[in-house]
Number of protein chains: 2
Amino acid sequence: MAYIFEVPQPSNELLEKAHRIRLASQKISQAENKIRIQALNLMADYLDKKSNEILEANHEDYLRAERKSISKALLSRLKLSKEKLNAGIEGVRKVGNLPDPVHQIQIKKELSNGLILERKTVPIGVLGVIFESRPDALMQISSLAIRSGNGVMLKGGSEAGFTNTAIFSALQEGLEEAGIDKNVICLLTNRKDSMAMLNLEKYLNLIIPRGSNELVKFIQENTKIPVLGHADGICHLFIDNDVNIEMALLVALDSKIQYPAACNAIETLLVHKDIAESFLKRAIPLFNSNNVKLIGDKKSVELGVEFEASVEDWQTEYLDLVLSIKIVEDIDEAISHIQKFSSKHTDGIITENITTANKFMHEVDSAGVFHNCSTRFADGFRYGFGAEVGISTQTLPPRGPVGLEGLVTYKYFLKGEGNIVDDFSSGRAVFTHKDL
Amino acid sequence: MAYIFEVPQPSNELLEKAHRIRLASQKISQAENKIRIQALNLMADYLDKKSNEILEANHEDYLRAERKSISKALLSRLKLSKEKLNAGIEGVRKVGNLPDPVHQIQIKKELSNGLILERKTVPIGVLGVIFESRPDALMQISSLAIRSGNGVMLKGGSEAGFTNTAIFSALQEGLEEAGIDKNVICLLTNRKDSMAMLNLEKYLNLIIPRGSNELVKFIQENTKIPVLGHADGICHLFIDNDVNIEMALLVALDSKIQYPAACNAIETLLVHKDIAESFLKRAIPLFNSNNVKLIGDKKSVELGVEFEASVEDWQTEYLDLVLSIKIVEDIDEAISHIQKFSSKHTDGIITENITTANKFMHEVDSAGVFHNCSTRFADGFRYGFGAEVGISTQTLPPRGPVGLEGLVTYKYFLKGEGNIVDDFSSGRAVFTHKDL
């Protein structure tokens with residue numbers, strides 16, 4: 001799917017929707033923690049109550065998709081079983097157990113007598129989320145938005161149209177019963193609107209794309225709204241010469257095959273020349289027996305790797321059982337290869353040498369730098385965040401796997417008793433800057 | 001000055017410079033705190049040693065500028081007295097007293113047995129700073145960059161060319177004596193390079209413009225590099241009806257006249273209709289006697305404001321002794337006016353009513369929301385940050401006045417003992433997620 005069209009201007013109807021979300025988001029931004037938690041529980045209750053309707057709607061989507069003969073992978077993501085739905089509903093309730101991300105005091109200090117500064121977390125405002133066919137995403141994203149006091153404009157895959165509409169209406173009923181303006185969530189149902197969303201910079205504060213690399217790249221290049229996400233995930237693992245070969249084999253295999261379609265799976269293995277022969281002698285049959293196609297540089301082909309790599313290979317995210325291998329002179333060559341080709345997601349080293357590990361971890365400029373463990377750990381849930389809003393590969397925060405904290409920002413609240421700056425410049429008052 | 005030309009592609013020479021900064025920044029990013037502090041002291045020592053040369057260079061710049069008959073304001077900013085230089089040198093040393101922003105542990109936890117996650121602050125990498133004629137900015141920015149372990153590419157105003165070159169060479173000598181690669185700072189001397197900088201997204205991680213609104217806007221619209229800064233500063237002060245009029249007058253006057261060219265000075269005063277008559281009766285002569293030109297809506301003109309406002313006035317940053325005044329029905333009208341016209345910098349309320357104050361502070365979506373104090377307090381030094389890198393009016397962090405913390409990001413460091421994800425999905429291992 002290529003995105004070669006222009007981003008359309010928002011229709012009046014879309015602007016009206018955006019305006020309503022904005023108003024509703026201002027209200028929910030002030031809702032107490034317990035109100036937001038109650039809303040999540042009522043959303044879950046209504047999903048429970050309406051579960052038959054939701055499953056029937058999903059069945060209809062499934063039949064329609066089958067007739068269009070879409071791919072098996074897509075069909076399986078679209079299919080919502082009773083178990084998957086229940087797990088999704090349970091997930092909505094669980095979001096209520098996470099620590100409240102809003103109204104947290106980050107800084108509190110007296111600037112001067114009677115002049116108190118607080119920096120507190122506040123919701124971002126309105127999120128725009130574009131996700132793919134997986135209909136459980138709708139429940140998950142809406143619950144994260146409500147938990148963090150934000151409004152959210154959602155656009156799901158058209159294949160899941162009936163399912164999304166059924167889920168969405170249950171969520172809105174739950175919100176209403178909780179006394180929250182139901183317009184705080186909004187489901188867009190046509191593709192033109194979902195693209196016009198990119199021009200809503202006056203209404204949306206953050207866009208979270210959950211889709212293909214191509215979609216993410218298109219969005220990043222066509223909106224002025226900040227985007228939380230990443231296009232490529234080209235991760236590396238460097239096998240140092242001072243290494244426990246058993247560990248290196250285990251971690252390399254896990255980093256590639258545990259879930260090859262994930263962004264945190266490795267695409268390239270860099271091997272120190274001094275260990276290359278003994279490592280590859282064991283690694284090649286191991287990868288072969290796990291159906292991994294190996295593509296290597298000249299030297300590794302000489303040591304038994306079947307296919308020779310082109311320059312393209314070092315910059316390709318295979319997302320599949322394919323691995324490129326390069327033999328390097330030393331850690332410096334490994335690091336400079338990574339600096340050149342890494343997408344700054346996650347890069348790891350296997351070594352017994354702490355000095356080498358530290359050098360690698362400090363010089364590699366990626367969101368995650370790993371030592372003696374699988375790159376597959378780069379994930380919000382595995383990091384213990386309780387949720388994952390997205391993974392960011394930009395340098396500035398938020399970086400790496402982003403939990404609920406990615407859905408809040410902060411504001412400075414300054415309270416005085418008539419304090420003026422002229423008193424300070426003329427010496428009648430002084431700053432105390434005392435932490436409270 | 002209008003920016004109507006295309007952003008030029010970087011020359012090979014500029015790319016070479018960018019490459020050298022990038023390498024040097026990788027080295028300084030690992031420098032210990034004491035090394036960075038020592039570098040600051042040596043930079044200050046060399047500025048001291050070379051102060052005569054610097055002052056002479058400044059004299060030459062000044063004479064040249066005078067011949068070009070540039071504005072008095074610009075001339076006064078360009079002029080570097082012995083006192084101003086000494087204060088600047090002292091400032092360089094003082095940056096060493098700020099808490100180290102780098103290598104701070106933000107998160108440390110055990111994910112599972114033997115698998116330890118740390119999130120630590122790290123320098124951003126390479127900064128690009130474009131600043132105006134004020135030559136002391138060069139000392140300040142370089143010292144903030146070195147303190148936070150970053151490289152920096154600098155472009156100063158051409159009027160200060162001799163001064164900047166003299167200061168820069170002293171700074172580099174100090175760095176060299178501290179054993180730091182002097183290429184970690186780089187001074188561009190022609191305008192073409194400073195614009196081509198905007199296309200260095202592969203080398204620069206953050207651009208900090210210090211100049212006119214027009215320059216900032218141009219930069220924001222013409223680079224893929226994140227920009228820390230703000231174009232407009234349209235700040236409001238709302239005078240509620242439940243108010244101490246003496247306090248309201250004092251704070252309103254300070255917010256306007258204490259330094260009208262600052263971004264945190266107010267441009268618009270919103271006045272509750274129930275207090276308008278009694279407030280304006282005192283405010284109009286007070287502002288008049290301080291040479292503030294008042295421009296108001298119809299109602300306030302009826303109450304004695306001299307000039308009538310056009311729509312343009314509500315969106316103009318006067319940066320001068322001019323103030324627009326609007327009489328509003330109630331706090332809701334005040335808030336909706338602010339939501340429409342504020343540049344999200346700083347907006348304040350004067351009221352004796354805590355409920356009204358809280359409503360205002362929660363609903364107004366600006367970086368700073370102030371109660372009963374002057375908007376002029378919105379400043380990194382007054383907030384006690386010890387430095388101000390810039391003020392950001394974007395919604396996402398960093399927001400508001402940004403101290404040294406704006407020059408660092410973070411990275412996730414994960415250290416294991418051969419841990420793999422497959423052990424967790426198969427139940428052979430469990431996550432502990434214990435804070436350490």
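In which sense do strand S13 (residues 368-373) of chain A and S16(B) pair, and over how many bridges? The two strands pair in the parallel sense, over five bridges. The legends below describe close-up views of a predicted model.

**View 1. Strand pairing between S13(A) and S16(B).** This view shows the parallel pairing of strand S13 (residues 368-373) of chain A with S16(B), which runs over five bridges. Within the pairing, His371(A) has Lys415(B) of S16(B) as its bridge partner.

**View 2. The side of chain B that touches chain A.** Chain B and chain A each give 54 residues to the contact. On the side of chain B, the elements that give two or more residues are strands S1 (105-112), S2 (115-123), S13 (368-373) and S16 (408-419), along with helices H10 (245-257) and H15 (354-363). S16(B) supplies 11 residues, the largest share of this side. By residue class, the side of chain B that touches chain A holds 25 nonpolar, 18 polar and 11 charged residues.

**View 3. Helix H15 (residues 354-363) of chain A and its surroundings.** Four residues of this helix are buried: Thr356(A), Ala357(A), Phe360(A) and Met361(A). Viewed along the axis of H15(A), these buried residues lie within an arc of 125°, so they line one face of the helix. Ile354(A) and Thr355(A), on the other side of H15(A), are exposed. The buried residues of H15(A) pack against elements of both chains: strand S7 (235-239), helix H14 (331-341), strand S12 (346-350) and S13 of chain A, and S16 of chain B.

**View 4. Helix H5 (residues 82-95) of chain B.** H5(B) has 14 residues; at 1.5 Å a residue the helix should span 20 Å, and because its end C-alpha atoms are 20 Å apart, the model agrees with that expectation. Which residues of H5(B) are buried? They are Leu85(B), Gly88(B), Ile89(B), Val92(B) and Val95(B). Down the axis of H5(B), the buried residues fall within an arc of 120°, and therefore line one face of the helix. The exposed residues Lys82(B), Glu83(B), Ala87(B) and Glu90(B) are on the other side of H5(B). The cover over the buried residues of H5(B) includes three helices of chain B, namely H2 (33-49), H3 (51-67) and H6 (136-147).

**View 5. The two assigned domains of chain A.** The domain assignment gives domain 1 as residues 12-221 of chain A and domain 2 as residues 235-377. Their C-alpha centres lie 37 Å apart.

Notes: Residues are numbered from 1 along each chain as its sequence is written. Chains are lettered from A and ligands numbered from 1 in the order in which they are written. This is a predicted model: local features need pLDDT of at least 70, side-chain atom pairs count only at pLDDT 80 or more; totals for chains, interfaces and linings use all residues. The expected span of a helix is 1.5 Å times one less than its number of residues. A residue is buried if 20 or more other C-beta atoms lie within 10 Å of its own, exposed if 12 or fewer, and partly exposed in between; C-beta atoms are placed from the backbone. The arc is that of the directions from the helix axis to the C-beta atoms. Two residues are in contact if their C-beta atoms, placed from the backbone, lie within 7 Å. Ala, Val, Leu, Ile, Met, Phe, Trp, Tyr, Cys and Pro count as nonpolar, Asp, Glu, Lys and Arg as charged, and the others, Gly among them, as polar. Two strands pair if DSSP finds at least two bridges between them. Domain bounds come from an automatic or database domain assignment.
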